[in-house]
Amino acid sequence: MRFGVNYTPRQGWFYHWLDFSPVEIARDLDAIAALGVDHIRIFPLWPLIQPHRGLIRPAALKDVERVLELADQRGLDVCVDGLQGHLSSFDFLPAWLTSWHRRDMFTDPDVIESTATYLTDLATTCAAHPNLMALTVGNEVNQFTGAAHPQPFLATEDEAGAWASTMIEALRRGAEAGRPQDARAGGAGAADDREGVDRTDRGGGTRDARTHGSNADWGGVAVVQACYDATWYDPAQPFTPTQAARLGDLTVVHSWVFNGTAQRYGPDSFETRAHARYLVEVARAFQADPARPVWVQEVGTPHTVIPTSNTEAFMEATVNSLLDAPHLFGITWWASHDVSPTLADFPPVEYTLGLIDTTGHIKPEGRLFRDLVAQARSTASTPLPRPTMRSTEVSDRLEAHPTPSHTGPNSVMCPTEATDALDAHPTASPTLPRPAGGTPIAAGTPAGRSEDRWGGPAEAGPPADKAARPAPPLSPPTDPTDSTNPTEPTPERTNQDQTIVLDLTKVGGRAALAPGGVFWQTYMRQARQSGHPRILIEGDRHA
């Protein structure tokens, strides 16, 4: 199994691309490598690379390449996200999409063509590097279509699916074009022989020999799309579960318990600790191939709803519940570094999500994650091969998937000895406690309302993001047995011999999957009693 972090630069956050400093990035990556992880996910800013529809800046692409090189020297693979797009309540759209030049991002033919050209060029640039692990269309681009956004780009389900398919194919074209000639002929590629590249695997082997490491066979770069959880929970979201589970090479989920789960059930509840695993099982249910890997590309500890005293238990339960999930590709924690308090106007939750503080020291939660990763690797079984690029089309007529099989937890990492190099002076950044007197988010919250993710009253706030976007509608409990022992741990087991049937037409559509929804309650009750079951979909999966 892959373990990594979403890289949030310590100096300047994602504005670091404006004052690009390889020295600062190298320091950050040294701290990340000390966590014992094997990959990072990075976020180039779209407007800086393509400021004009007809201009893609080579110098900006060189900066992205430099990050790949610095990561490679530290034994880190890299996932590169293309369209940013949107990050932590801030939108980064090029000027040719806004104001006097505003056009629909998802439907305008010229915009689609230019966006695809950018993604192809980005992928071509990155594909020359042996540590390129994955390419993502962009970070949670579906938030641009939601009613929560103050200026949404509207699209139908068919238009959203067609756009996503086009962008995925653009990345694939670039990835193929960027492969060195000797790699296309079957060789490992001269890039692996560059000076300064550390090919020593922290598990004791070499990077060239890792099934999860460098893409020496040039068939292992995954191309994916990433949506926030409205795709699974919100019936008005045009990016659908079927698209998310069938387009691209992996199914990606982003798990955030401030979506109403922790507010409703509490930080110590089974539901809160099982949320990430629940999303993995929901995602798997919509796949045509039940053995298709699922990637938890974002999960973290939001201290606005998970107090510091509950952090260790939440992290342990979340990670351990995922380790037993069949065909799990990996866990990429959000985030590497805290956001500096000198940067104004972030939602409060964003400042303390890092595993490393703003001085560069590993926080207690960073040391815990490092230990969880090391423990998982020490019990690793047969590695899961990296996915090969393949073309996948969305179809409303796909057959219901066959019953998946499970022979045990999937792990792909060798044992690794975590380093304590940066622990000499650990200084954790202060966390923000959950305000007293907060109330859970009400059921049926209307879209477009900026809910307080910290349990307080709704008030005006930034657009949809990990902290401020409205939660999916929360269905009022209809089952009198929907009660929770607040101190009950998440079962660290799978019971894939048991199944639970989901018929979206009968339960009322995607809203039933949301925290507190009818299907949510049924799943959580069964998972609590006998382990996480396999979800089987019957009837119309587009209801």
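Select Gly75 to begin: just after helix H3, this glycine takes a positive phi of about 75°. The model on screen is predicted.

Step back now to H3 itself, residues 58–73. The helix has 16 residues, and from its first C-alpha to its last it reaches 23 Å, close to the 22 Å expected at 1.5 Å a residue. Colour its buried residues: Ala60, Leu61, Val64, Glu65, Val67, Leu68, Leu70, Ala71 and Asp72. In an α-helix, residues three or four places apart point the same way, because there are 3.6 residues a turn. Then show what covers the buried residues of H3, which includes H1, E2, helix H2 (46–49), E3, helix H4 (109–127) and E6.

One of those covering elements, strand E6, spans residues 132–138 and holds Thr136. Select Thr136; at 0% relative accessibility it counts as buried, because the cut-off is under 20%. Leaving aside residues up to four places away in sequence, Thr136 touches Cys79, Val80, Asp81, Gly82, Leu171, Val224, Gln225, Ala226 and Gln297.

Val80 leads to the next stop. Val80 is among the residues that touch the most other members of the largest nonpolar core, together with Ile40, Met105, Trp163 and Trp232. That core has 132 residues. Pick Trp232 and display what surrounds it: Pro241, Ala244, Ala245, Thr251, Val252, Val253, Leu279, Val282, Ala283, Phe286, Arg510 and Leu513, not counting residues up to four places away in sequence. Apart from the largest core lies another, of 10 residues, among them Ala134, Ala226, Val252 and Phe329.

Next come the peptide bonds and backbone angles. Most residues other than glycine have a negative phi, and most peptide bonds are trans.

Which residues does the cis peptide bond with omega of about 25° join? Select Gln84 and Gly85 to see it. Gly85 is found in the loop between strand E3 (77–83) and strand E4 (86–87). Move on to Ser88, in the loop between E4 and strand E5 (90–91). Its phi is near 50°, a positive value in a residue other than glycine, and Ser88 is buried, with a relative accessible area of 3%.

A second cis bond runs from Trp334 to Ala335, with omega near 10°. Ala335 sits in the loop between strand E10 (328–333) and helix H12 (364–378).

Go back towards the start of the chain and select Trp13, in the loop between strand E1 (2–6) and helix H1 (22–33). Here too phi is positive in a residue other than glycine, near 55°. Is Trp13 buried or exposed? At 2% relative accessibility, Trp13 counts as buried.

On the other side of H1, select Ala34, in the loop between H1 and strand E2 (39–42). Ala34 is buried, with a relative accessible area of 3%. Add Arg367 to the selection and draw a distance between the two C-alpha atoms: they are separated by 9.4 Å, although the residues are 333 apart along the chain.

Finally, zoom out to the whole protein. Its secondary structure comes to 14 helices and 12 strands. Of the 543 residues, 62% are buried. Among contacts with a separation of 6 or more, 81% are between residues 24 or more positions apart. Switch on the surface to end the tour: the protein exposes about 18800 Å², and carbon and sulfur atoms supply 54% of that area.

Conventions:
Residues are numbered from 1 along each chain as its sequence is written. This is a predicted model: local features need pLDDT of at least 70, side-chain atom pairs count only at pLDDT 80 or more; totals for chains, interfaces and linings use all residues. Side-chain values use heavy atoms; hydrogens and water are left out. A nonpolar core is a set of buried Ala, Val, Leu, Ile, Met, Phe, Trp, Tyr and Cys residues joined through side-chain atoms within 4.5 Å. Buried means under 20% relative accessible area, exposed over 50%, partly exposed in between (1.4 Å probe, protein chains only). Contact means heavy atoms within 4.5 Å. Helices (H or I, at least four residues) and strands (E, at least two) are DSSP runs, numbered from the N terminus. The expected span of a helix is 1.5 Å times one less than its number of residues. Accessible areas come from the Shrake-Rupley method with a 1.4 Å probe; for residues, only the protein chains shown count as cover.
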